[in-house]
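Got the model open in your viewer? Let's take a walk through its salt bridges, one selection at a time.

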Amino acid sequence: MKNSLKYSVAAAALMTMAGTASADDLTLCWASWDPANALIELSKDFEAASGHSMNFEFVPWPNFADRMLNELNSGGKLCDLMIGDSQWIGGGAENGHYVKLNDFFDAEGITMDDFIPATVTGYAEWPKNTPNYWALPAFGDVVGWTYRKDWFDRPDLQAEFKETYGRDLGVPASLDELKDIAQFFQGRDIDGTTVYGAAIYTERGSEGITMGVTNALYNYGFEYNNPDTPYELEGFVNSESAVAGLEFYKELYDTATPPGSSNWYMGENIDAYKSGQVALQMNFAFIWPGVEADPNVGGGKSGYFPNPAGPNGHFAQLGGQGISVVSYSDKQDAALEYIKWFAQPEIQARWWELGGYSALKAVVEDPGFATSQPYAQTFLDSMAIVKDFWAEPAYAELLLAMQQRVHDYVIAGNGTAQQALDGLVKDWTETFEDEGKI
């Protein structure tokens, strides 16, 4: 989408707005990944228009939460703007880390109705489903799948797959079909190289296996709690259908993943896919521009599809983040200028062009969006089925408990799926009792 004229007009408008303001050095804190590089490029125009200087503190994902949550919890002044993970919104609000943005949005004519609803709920609201906003949706993201379209299109593999499974080798319509495909490629010879089925999330140290296994759990029927009674966990977290979903993920890991993939997350999956080790890759949508540009797997060799449906639902794990003003900053006015600038439709369109994932309806509902990139339609379809992990202030404790219980069963093979989820109910109940929620 070409928006250069509108973009220039928007920059001029911002310059007029900020022309008499004093210049500040702002620091924006985020994770260290490809979208952060795109944001640096985008922000050069904010600097030129506003007179403020932008500095960036980017931390690799495995260390991002520890580093930035420690910064917030200590009341540190490093960050003026924080693109914090979606799960942090409850703690950011209740612990006073983030500036509440309702009055600012009202004064500047910024409305959350202009953003994809799931991103407003996931990135901006606390309490959930109330009009209390602590961030502007900044980067829409979701777990989806990448596949070797060039391998799928081979006539010999097409014929063998159809003879074996009675259907064409193509984008799976269900998790069971995805597992069939991954098992079909497991250990297969492709051009003299042994390849494997799927790279999936298995990492234990931060959030990896939780962000992976939920894509099966949700679609089998797992619920975080009773939808009618908050924090009632028994029979929802560990339901019969949830147990079946956890068993599915373990079977996928045991029968269709590369050797040595017991602690993989985003980076390892990217490397395995780009190096030709796997036919399928589970990963967040942020990787797709890099896949498409890669000389080995891009340029039409790869395809993209949303997380497939399960027997009891069709969901995908929400990723992505909102951008917040840190309450400990001495430069809140300048930080709010950045939020106002970033929220403009012309800037959001440019964000998409540079490799960022806009959550603004004006961008994603543009008639040309779905065909603007090979993965654009998959992004739209995926964002329509998102579901997220707890965003409670105690999210870190809740996450670590799930990481341990799920990893011990799926990867280490300890106990049963029922025992793992029963243990998770116990862990989470203790946390919510300590929090005074139950």
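Start by selecting Asp254, which is partly exposed at 45% relative accessibility. Now add Lys250: the two side chains meet in a salt bridge, 3.2 Å from N to O. Both residues sit in helix 11 (residues 240–256), 4 residues apart, or about one turn of the helix. Is Lys250 buried or exposed? Lys250 is buried, because its relative accessible area of 16% falls under the 20% cut-off.

Keep in mind as you click around that this is a predicted model.

Next, pick Arg405 and Asp427, a salt bridge whose closest N and O atoms are 2.7 Å apart. Arg405 belongs to helix 18 (residues 395–410) and Asp427 to helix 19 (residues 417–434), so the pair ties together parts 22 residues apart in sequence. Arg405 is partly exposed at 28%, while Asp427 is buried at 16%. Then select Arg167, Glu177 and Asp180, which are joined into one network by salt bridges that share partners.

Now jump to Lys77 and Asp330, with 3.2 Å between the closest N and O atoms of their salt bridge. Lys77 is in the loop between helix 3 (61–73) and strand 3 (81–85), and Asp330 in the loop between strand 9 (316–325) and helix 14 (332–343), so this pair links parts 253 residues apart in sequence. Lys77 is exposed at 52%, and Asp330 is exposed at 65%. The full count of salt bridges is 18.

Last stop: colour by pLDDT. The mean is 95, and 95% of residues reach 70 or more. Residues 1–20, however, are below 50. Where pLDDT is low, the predicted coordinates should not be read in detail.

Conventions:
Residues numbered from 1 in each chain as written. Predicted model: local features only at pLDDT ≥ 70, side-chain atom pairs only at ≥ 80, totals over all residues. Heavy atoms only, no water. pLDDT = per-residue confidence, 0-100. Contact = heavy atoms within 4.5 Å. Salt bridge = Lys/Arg side-chain N within 4 Å of Asp/Glu carboxyl O. Helix = DSSP H or I, 4+ residues; strand = E, 2+ residues; numbered from the N terminus. Buried < 20%, exposed > 50% of the residue type's maximum accessible area, 1.4 Å probe, protein only.
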